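Me: Please take a close look at one part of this model for me: the place where ring side chains meet. Then work outward from there, in short steps.

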Amino acid sequence: MNKFILRQSLLLLIATIVWGVAFVAQSVGMDYVGPFTFLASRSYLGFVVLLPVISVMDRARKKTPADENDERQYGWNNKILITGGIVCGTVLMVASSLQQIGIQYTSVGKAGFVTTMYIIFVPLISIFLKKRAGLKVWISVVLAVAGLYLLCMTESIQFQYGDLMVLLCAVAFSFHILVIDHFSPKIDGVKMSCIQFLVCALLSTVFMFIFEKPSFADILQAWKPILYAGVMSSGVGYTLQIVGQRGMNATVAALIMSLESVVSVLAGFLLLEEILTARELFGCLLMFIAIVLTQLPEKQAQSSEE
């Protein structure tokens, strides 16, 4: 069991690093194409990259003794798989679009930290589903709001447009995490990831032609950030999330993924030479403390389980 947890944690950690660096690619890509064009391009790439992976996995699975449960769980005709892929792809499109729009108007470091607010929103949304929030969660919310204020508010005490879009994206990613938690134990995570990218790409394409004027020449100019976002962030990162969350303790998984914010700040500093002010760094610190606090297990819950 320890080896299983270690493996799942490593998968989520790799996804976290990939996503943190991806904020740089998303920011650079906006110099050439619109947000929906960028999202559609990276999603099609993510879909295509996973096809040979699925083919290899299916061939390896056929060499093992057939099992009726395996056929139900890993087959393409699984209704839960198709439903999960469509739902995840739709939510991912909403979340990624808001993030891509917002990142045009804010720094990579800010975008990374504000996006990580999904760790706060997940337990809050869970209140309306099945769980009550304890005092620890509400303390975390207060700390996160204070950190968000220091990080994003201007002298006029107003959210910048980009900060607001990224905050809304954090809410959407909260639902994405909850949807994955619901479907991932029941299906093949790689296939669901493949379907979600196709759905995300198709929806993004519709909005791309409505709100933008896509140019193949512009897409070629942005090939490097699109390639990284499509192959690494989409194809690798989100697939590792779905596979890594399967059978994993939700508290540990969420805490590992929250490190995405730290990676984004480091990536922005190293690759784009973005420097946050002392006020903004303190805001980041408060938000990270809130993120860690809300994910720490209750001592009483641990002792009762033992």
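Reply: Start with what a ring pair is. Two rings of Phe, Tyr or Trp pair if their centres lie within 6.5 Å; for Trp, the six-membered ring is used. Keep in mind that this is a predicted model.

With that rule, the structure has six aromatic pairs. One of them joins Phe 36 and Phe 207, with ring centres 5.5 Å apart and an angle of 20° between the planes. Planes under 30 degrees apart count as stacked, so this pair is stacked. It brings together distant parts of the chain. Phe 36 sits in helix α2, residues 35-62, while Phe 207 sits in helix α9, residues 189-211. The two are 171 residues apart. Their cover is not alike in class. Phe 36 has 12% relative accessibility, so it counts as buried. Phe 207 has a relative accessible area of 31%, so it counts as partly exposed.

Now take another pair: Phe 197 and Tyr 238. Their ring centres are 6.2 Å apart, which is within the 6.5 Å limit. Their planes stand at 65°, so the pair is edge-to-face. Phe 197 belongs to helix α9 and Tyr 238 to helix α11, residues 223-245. The pair therefore ties together parts that are 41 residues apart in sequence. Both Phe 197 and Tyr 238 are buried. A third ring joins them: ring pairs link Trp 19, Phe 197 and Tyr 238 into a cluster.

Stay with helix α9 for a moment. The structure holds one salt bridge. It is made by the side chains of Lys 191 and Asp 58, at 3.4 Å from N to O. Here again, distant parts of the chain are linked. Lys 191 is in helix α9, Asp 58 is in helix α2, and 133 residues separate them. Lys 191 has a relative accessible area of 3%, so this charged residue of the pair is buried. Put the two findings side by side. Helix α2 and helix α9 are linked by the ring pair of Phe 36 and Phe 207, and also by the salt bridge of Lys 191 and Asp 58.

Helix α2 has another residue to look at, Ser 41. Its relative accessibility is 15%, so Ser 41 is buried. Leaving out residues up to four places away in sequence, Ser 41 touches Ile 219 and Ile 226. Ser 41 and Ile 226 are 185 residues apart in sequence, and their C-alpha atoms are 6.8 Å apart in space.

Step back to the whole chain. It has 15 helices and zero strands. Of its 306 residues, 52% count as buried. Take the contacts between residues at least 6 apart in sequence: 90% of them join residues at least 24 apart.

What about the inside? The largest nonpolar core has 65 residues. Met 117, Ile 120, Phe 121 and Phe 173 have the most contacts inside it. Helix α8, residues 161-183, gives the largest share of this core, nine residues. A second, separate core has ten residues, among them Leu 81, Val 179, Ile 180 and Ile 187. Back in the largest core, Met 117 is in contact with Ala 144, Leu 148, Leu 167, Ala 170 and Met 287, apart from neighbours within four places in sequence. Helix α6, residues 118-127, is mostly covered, with nine of its ten residues buried. These buried residues include Ile 120 and Phe 121.

Finish on the outside. The accessible surface comes to about 15300 Å², and 68% of it belongs to carbon and sulfur atoms. A nonpolar patch on the surface has about 1100 Å² of accessible area; its residues include Leu 10, Ile 14, Phe 269 and Ile 275. Two elements give two or more residues to this patch: α1 (2-29) and α13 (260-272). The largest share, six residues, comes from α13. Leu 10 lies in helix α1. Leu 10 has 49% relative accessibility, so it counts as partly exposed.

How values were computed:
Residues are numbered from 1 along each chain as its sequence is written. This is a predicted model: local features need pLDDT of at least 70, side-chain atom pairs count only at pLDDT 80 or more; totals for chains, interfaces and linings use all residues. Side-chain values use heavy atoms; hydrogens and water are left out. Rings of Phe, Tyr and Trp (its six-membered ring) pair if their centres lie within 6.5 Å; planes under 30 degrees apart count as stacked, over 60 as edge-to-face and the rest as tilted. Helices (H or I, at least four residues) and strands (E, at least two) are DSSP runs, numbered from the N terminus. Buried means under 20% relative accessible area, exposed over 50%, partly exposed in between (1.4 Å probe, protein chains only). Contact means heavy atoms within 4.5 Å. Accessible areas come from the Shrake-Rupley method with a 1.4 Å probe; for residues, only the protein chains shown count as cover. Patches are made of residues with over 30% relative accessible area and no salt bridge: like charges are joined within 9 Å, nonpolar side chains (Val, Leu, Ile, Met, Phe, Trp, Tyr) within 5 Å. A salt bridge is a side-chain nitrogen of Lys or Arg within 4 Å of a carboxyl oxygen of Asp or Glu. A nonpolar core is a set of buried Ala, Val, Leu, Ile, Met, Phe, Trp, Tyr and Cys residues joined through side-chain atoms within 4.5 Å.
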